[in-house]
Amino acid sequence: MNPKKETNSMSEWTTVGTRNQVDPDSPLAAKIGEQHIGIYDVDGTLHAIEDICPHAHAHLTQGFTDGCEIECPLHNAVFDVRTGKHLRGEPCSDVATIPVRVVDARIEVQLAPPQA
């Protein structure tokens, strides 16, 4: 799916997929420009985080999901997809969370405005 942008004075929202593309066992990987994003379903609520592990540079969406946790597919670092916090495993930093919403079954993420 090609990302589609909606811009207003406060934020920029980009469509990255549809709601039926995500379930608790199958996160959605998206790329907007150079930013990789993972969308996860936890108890019916969507959460979005950076999709690149800060330690191994692997796509987290290719890892192992268990409730609100995602484990890097290359090593044992585990992150909470609701907060981006590194929980255990290989020492590394947290991953950023990204605002996400569903509008008319479209999944949209809010990207930070470009730095001036």
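How many helices and how many strands does the secondary structure of this protein come to? Okay, so that's where I'd like to start today. The answer is zero helices and 12 strands. One caveat up front: what you're looking at is a predicted model. If you read along the sequence, you just get β-β-β-β-β-β-β-β-β-β-β-β.

Right, let me zoom in on one sheet. Four strands make up an open sheet here, in the order S6-S7-S8-S9, and the pairing is antiparallel. At the edges you've got strand S6, residues 64-66, and strand S9, residues 86-88, and each of those pairs on one side only. As for twist, neighbouring strands in this sheet are turned by 30° against each other on average, ignoring direction.

Now have a look at S7 and S8. Strand S7 covers residues 69-71 and strand S8 covers residues 78-80. They run antiparallel, and three bridges join them. If you want one pair to click on in your viewer, take Glu69: its bridge partner in S8 is Asp80.

Okay, zooming back out to the protein as a whole. There are 116 residues, and 37% of them count as buried. The accessible surface comes to about 6600 Å², with 48% of that belonging to carbon and sulfur atoms.

And for those of you who like contact maps: take the contacts with a separation of 6 or more, and 38% of them are between residues 24 or more positions apart.

So, to leave you with the picture: 12 strands, zero helices, and, among them, that open antiparallel sheet running S6-S7-S8-S9. That's it from me.

Terms used:
Residues are numbered from 1 along each chain as its sequence is written. This is a predicted model: local features need pLDDT of at least 70, side-chain atom pairs count only at pLDDT 80 or more; totals for chains, interfaces and linings use all residues. Side-chain values use heavy atoms; hydrogens and water are left out. Two strands pair if DSSP finds at least two bridges between them. Helices (H or I, at least four residues) and strands (E, at least two) are DSSP runs, numbered from the N terminus. Axes are lines fitted to C-alpha atoms, for helices over the stretch in contact, and angles run from 0 to 180 degrees between N-to-C directions. Buried means under 20% relative accessible area, exposed over 50%, partly exposed in between (1.4 Å probe, protein chains only). Contact means heavy atoms within 4.5 Å. Accessible areas come from the Shrake-Rupley method with a 1.4 Å probe; for residues, only the protein chains shown count as cover.
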